[in-house]
Amino acid sequence: MSGLEIERKFLVRKGGAYRSAAFSCKHIRQGYIPADGVTVRIRLSEEQEVGTAFLTIKGKSQDGGLSRYEFEKEITIDEAEHLLQLCRGGLIDKHRYLVKSPDGRHTFEVDEFHGDNDGLVMAEVELGSADEPFTKPDFIGREVTGDRRFYNKHMLRYPFCMWRDTIEQE
C-alpha cells in the first residue's frame, strides 16, 4: 500500500475502557533503520500466535503532523527479524487494541506501550481526508497530533519515562 496517510492522534484517559471495547489485540515490536529525510520502520506483530511483518517508509509530516506519504509492504517474519537487527536505538514494544468508533464508521488503534514508555496509552484514527468527521469513543482524551514527543521513533530516543511528568492528566 502506498499513498497519503491522514491520521489524528490522541491520549487515552486512564482506566482500561479501551480493552473491553476492543475487537482485536496484538503484540507489536518495531524498530527504525537510520535514513535521512524519511522514516524507515520494520514492524513485527503477533495476534493469537499468527505473525505478520511490514516494511514501511514514511515521508516528512505535513499539515502540522496530520498527513504524510506512506509506502508499506508486507514482508516475511524471517525478513523482519533480520531487518530488526539493522534498527538503531532499540525497539518499541506495545500492544495494539482495535476499537470501533461509537457510530461504527472508523477504527481507533489504541497503543499501550511497555518498557521505557510504560504508562503511555495513545489512540489514532486514519481518515480519508483532513476534514473528515469522526466520532470519538469516551476514553479518548486530548489530541496530540503533530506533537513529536508522541512519535514512536522519537520515543526510542526520548522515552515517556523521561518526560511523563510534563503531561497534564485528565
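This report walks through the fold of one chain, from its overall shape to its strands and its nonpolar cores.

**Overall picture**

The model is predicted, so please read every value below as computed from it. Its single listing of secondary structure comes to 4 helices and 9 strands. Starting at the N terminus, the elements follow the order β-α-β-β-β-β-α-β-β-β-β-α-α.

How does the radius of gyration of the chain agree with that of a compact globule? A compact globule of 170 residues would have a radius of gyration near 15 Å, and the chain has 16 Å, so the two agree. The C-alpha trace spans about 40 × 35 × 35 Å along its principal axes. Of the 170 residues, 43% are buried. Among contacts with a separation of 6 or more, 60% come from residues 24 or more positions apart. The chain exposes about 9,300 Å², and carbon and sulfur atoms supply 49% of that area.

**Strand 3 and its two partners**

Strand 3 covers residues 39-47, and 7 of its 9 residues are buried, so the rest of the structure largely encloses this strand. Strand 3 runs antiparallel to strand 2 (residues 24-33) and also antiparallel to strand 4 (residues 50-58). The table sets out the two pairings.

| Strand pair | Bridges | Residues facing each other | Residues between the strands | Positive phi in the hairpin |
|---|---|---|---|---|
| Strand 2 and strand 3 | 7 bridges | Tyr32 and Arg41 | 5 residues | Gly37, near 85° |
| Strand 3 and strand 4 | 9 bridges | Ser45 and Thr52 | 2 residues | Gln48, near 50° |

As a reminder for reading such strands, side chains in a regular strand alternate between the two faces of the sheet.

**The nonpolar cores**

Which residues have the most contacts inside the largest nonpolar core? They are Val12, Tyr18, Phe108, Val110 and Phe139, in a core of 16 residues. Strand 1 (2-12), strand 6 (92-100), strand 7 (107-113) and strand 8 (121-126) are the elements that give two or more residues to this core.

Tyr18 is a good place to start looking on screen. Leaving aside residues up to four places away in sequence, Tyr18 touches Val12, Tyr97, Val99, Val110, Glu112, Val121 and Phe139. Three of those names, Val12, Val110 and Phe139, also appear among the core residues with the most contacts.

Another core, of 13 residues, lies apart from the largest one, and its members include Tyr32, Ile92, Phe160 and Ile167. Tyr32 is the residue that stands opposite Arg41 in strand 3.

Methods: Residues numbered from 1 in each chain as written. Predicted model: local features only at pLDDT ≥ 70, side-chain atom pairs only at ≥ 80, totals over all residues. Heavy atoms only, no water. Core = buried A, V, L, I, M, F, W, Y, C linked by side-chain atoms within 4.5 Å. Buried < 20%, exposed > 50% of the residue type's maximum accessible area, 1.4 Å probe, protein only. Contact = heavy atoms within 4.5 Å. Pairing = 2+ DSSP bridges. Rg over C-alpha atoms; globule rule 2.2 N^0.38 Å. Areas by Shrake-Rupley, 256 points an atom, 1.4 Å probe, with all protein chains shown as cover.
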